[in-house]
Amino acid sequence: MPFGALVLAVLSATGCAVAGGEAAAVGARPVAPAARPSPGATAPGPCLGYHGLDGANPAREVKAGRFRIPDTPPERVADGPDVDWGLDPHRDRTWQLWLHSLEWLGGLIKEYGRTRDRASLDLAAGIVRDWLADNALPGRFGHARREAIEEGAKFRLATMTCLRAHLDARWLDEAIARHAEELADPRNWSGPWNHGTDESMTLLAAACRIGREDLAGLAYERLVSAVLRPPAGVRPAIDAEGANNEQSTQYSVYNRTRWRSAMDVIRACRRPVPAELARRHALMDEFIAFQSAPAGDLIQIGETYASTISRVSRPGRGPLRYAASQGRAGTRPGARARVYEAGYVMGRSGWGDGDRPYKEEMAYTARFGPGRYAHGQDDHMALTFYAQGRSILVPSGHAGYSEPVWRDWLRSPEAHNTVVVRDIPFDSRAATALTGHRFAEGGDFFRFSDTAFAGSTRTRSVLAASDPDALVVLDQVRSAAPRTVEQLWHLPAAFEARPDGGDAVATAGGIRVHFLRVAVPGSAAQAGTGRAAAVVKGSREQRQGWVAPAPRTAVPAPVVRLPAHGQEVRMLTLIAPVRDGARPSVRVSPPRANGVYVIEAEIAGRRLAVEAAPDGTLRRTR
């Protein structure tokens, strides 16, 4: 059923007049709900809450006609129950979405639940009926309002379900039923990611509340299938290793919370929670713990705002609690390093249970796997690196959804610690394979390969070393024609960086990070095809040198660019952070008969020796 037809069908049950195919607007006078308060729930469907909009919009503010979302001032939107649904004072699609969600009525509904203040209940009901009257035939509205109406449907359904716990009204049951039927339409199910989870959970709660067993059964099946039987070609919402499929740290945290709520709804609706679903959900704690830096920051993998692991709600007693408390409580993760088949290699020197304090451990992450999905970014082969007590290499972050130009750049390979090929198309749908890995004390190795850049094959081999902490990165790019290839290394905003001959150096807080290009057999440095290192910071002209910690926020931060040119480019880079400022020394042995050579480095008085095989395998020998 088209959404306009849904609204019109609900209007017939509310008693609101419809003339000439248009909904008659409700006037400014209070609208009585024409119903009696319900002493309690008539069915087990629970209230799913209001995404924090109840706290941002307490009953007194809504009664004064004001509405706000976090990080914006209150705006006057209503006179009694009569709301101007066309307002968009901030030109912000998120603001419009949450206005049309009706979740800002949660403060009124909760006020009635606490105090039995009938005026709060009547106003909440009146605003719901006003929305139904004023938003019929959405085709007559502009794109932004139509989008808010469509995307807000599941949130309105959740709000009306919460209202139904206190209000026994035929018009409300009809409104819930029509919204639920619309959500049940296969065309309106988003699939196995957070939108689909919220839709299915909301549908289940609403269907249980009004006794629609047919819709409840459909919603239950969608929830279970999203994890255990996803559609062909789509990874499960939570896989057997506890990895979320949305390729984002922030959405891993969010989905952990939403799936806990989903299981609560399943139980409240007197249906069984599959044991495998519960097991996978529990494993998410370790998956998230690996996506935190030893200092406590959540790593901004995918579309993720800056945050800390200590802010994750209900951390439990396992790995999440351990990481949030920096080893003082909870259970240590079961491994020092892990490969997640969803597309992550993540590890560290330890979890603070050895010779190093927790905050002084070395840690890294790397991405591979399926093409970009949901809230992922084009970050295949991208690295993050934490050493010497601070983040060294970081993703560029996430600035929200209201600035398409910034979002496009932050999702692109240019915003990540990866290797790019200039002047040819990039395919964000391309998969990247993990072609080898070996975890060993003192040096974890992994290797990737893909053809995401048209006509080129990229291979990246990495050795993440500890004691001394360093990255050895070997990139090989073969192209159909000579191309410029660049390694990009993004540093936090606190750093200053400068070229140092063909190399580069960055400094912050007593730490110096050396980016040293090593002349190995067949490399651009040995062949003389390497080009001068460059540093970019805060450039709007070429959109480079930024980190985005929060919505609509971008902060200048240095990017080290190490370019080379050729049809077959081979680049080996040593990334070595040191405290004493001494430049690391590096030498390379002549290749043996089998093609193996050894890179030897001295970093802050400690020795690092790495064997490199012709296939790109790296192994620490000292």
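I began at helix 4, where Asp 92 caps the N-terminal end: one of its side-chain oxygens lies 2.8 Å from the backbone nitrogen of Thr 94. I counted a polar contact as a pair of N or O atoms within 3.5 Å; within protein, one must be able to donate a hydrogen and the other to accept it, and residues adjacent in sequence count only if both atoms are side-chain atoms.

I noted the ground rules next. The model is predicted, so I kept in mind that local features need pLDDT of at least 70 and side-chain atom pairs pLDDT 80 or more, while totals for chains, interfaces and linings use all residues. Residues are numbered from 1 along each chain as its sequence is written, and side-chain values use heavy atoms, with hydrogens and water left out.

**Helix 4**

I asked how many residues of helix 4 are buried. Seven of the nine in 93–101 are, so the helix is largely enclosed by the rest of the structure. Buried means under 20% relative accessible area, exposed over 50%, partly exposed in between (1.4 Å probe, protein chains only). The buried residues are Trp 95, Gln 96, Leu 97, Trp 98, Leu 99, His 100 and Ser 101. Just after the helix, Leu 102 takes a positive phi of about 70 degrees. My helices (H or I, at least four residues) and strands (E, at least two) are DSSP runs, numbered from the N terminus.

**Sheet 11-12-13-14-15**

I then traced an open sheet of five strands in the order 11-12-13-14-15, with antiparallel pairing. Two strands pair if DSSP finds at least two bridges between them. Strand 11 (337–340) and strand 15 (390–393) are the edge strands, each pairing on one side only. Neighbouring strands are turned by 10 degrees against each other on average, direction ignored. For such angles, axes are lines fitted to C-alpha atoms, for helices over the stretch in contact, and angles run from 0 to 180 degrees between N-to-C directions. Strands 14 and 15 share three bridges. Tyr 386 has Ser 391 of strand 15 as its bridge partner.

**Pocket and cavity**

Ser 391 came up again in the second largest pocket, which holds about 460 Å³ of space. It is one of the residues closest to the pocket centre, with Asp 297, Gln 300, Val 394 and Pro 492, out of 24 lining residues. By class, that lining has 18 nonpolar, four polar and two charged residues.

I also looked up the largest cavity, at about 80 Å³. Its lining includes Gln 300, Arg 367, Asp 379 and His 416. Strand 13 (363–367) and strand 14 (383–387) each give two or more residues to this lining.

My terms: on a 1 Å grid over the protein atoms alone, a cavity is a set of points where a 1.4 Å probe fits but cannot get out; a pocket is an open set with protein on both sides within 12 Å along at least five of seven lines; lining residues have an atom within 4 Å of a point. Grid points are joined across faces, edges and corners, and a volume is the space filled by probe spheres set on the points. Nonpolar covers Ala, Val, Leu, Ile, Met, Phe, Trp, Tyr, Cys and Pro; charged covers Asp, Glu, Lys and Arg; the others, Gly among them, are polar.

**Hairpin 17–18**

Last, I checked strand 17 (433–438) and strand 18 (443–450), which pair antiparallel over five bridges. Gly 436 has Arg 447 of strand 18 as its bridge partner. Four residues lie between the strands, and Gly 442 takes a positive phi near 90 degrees.
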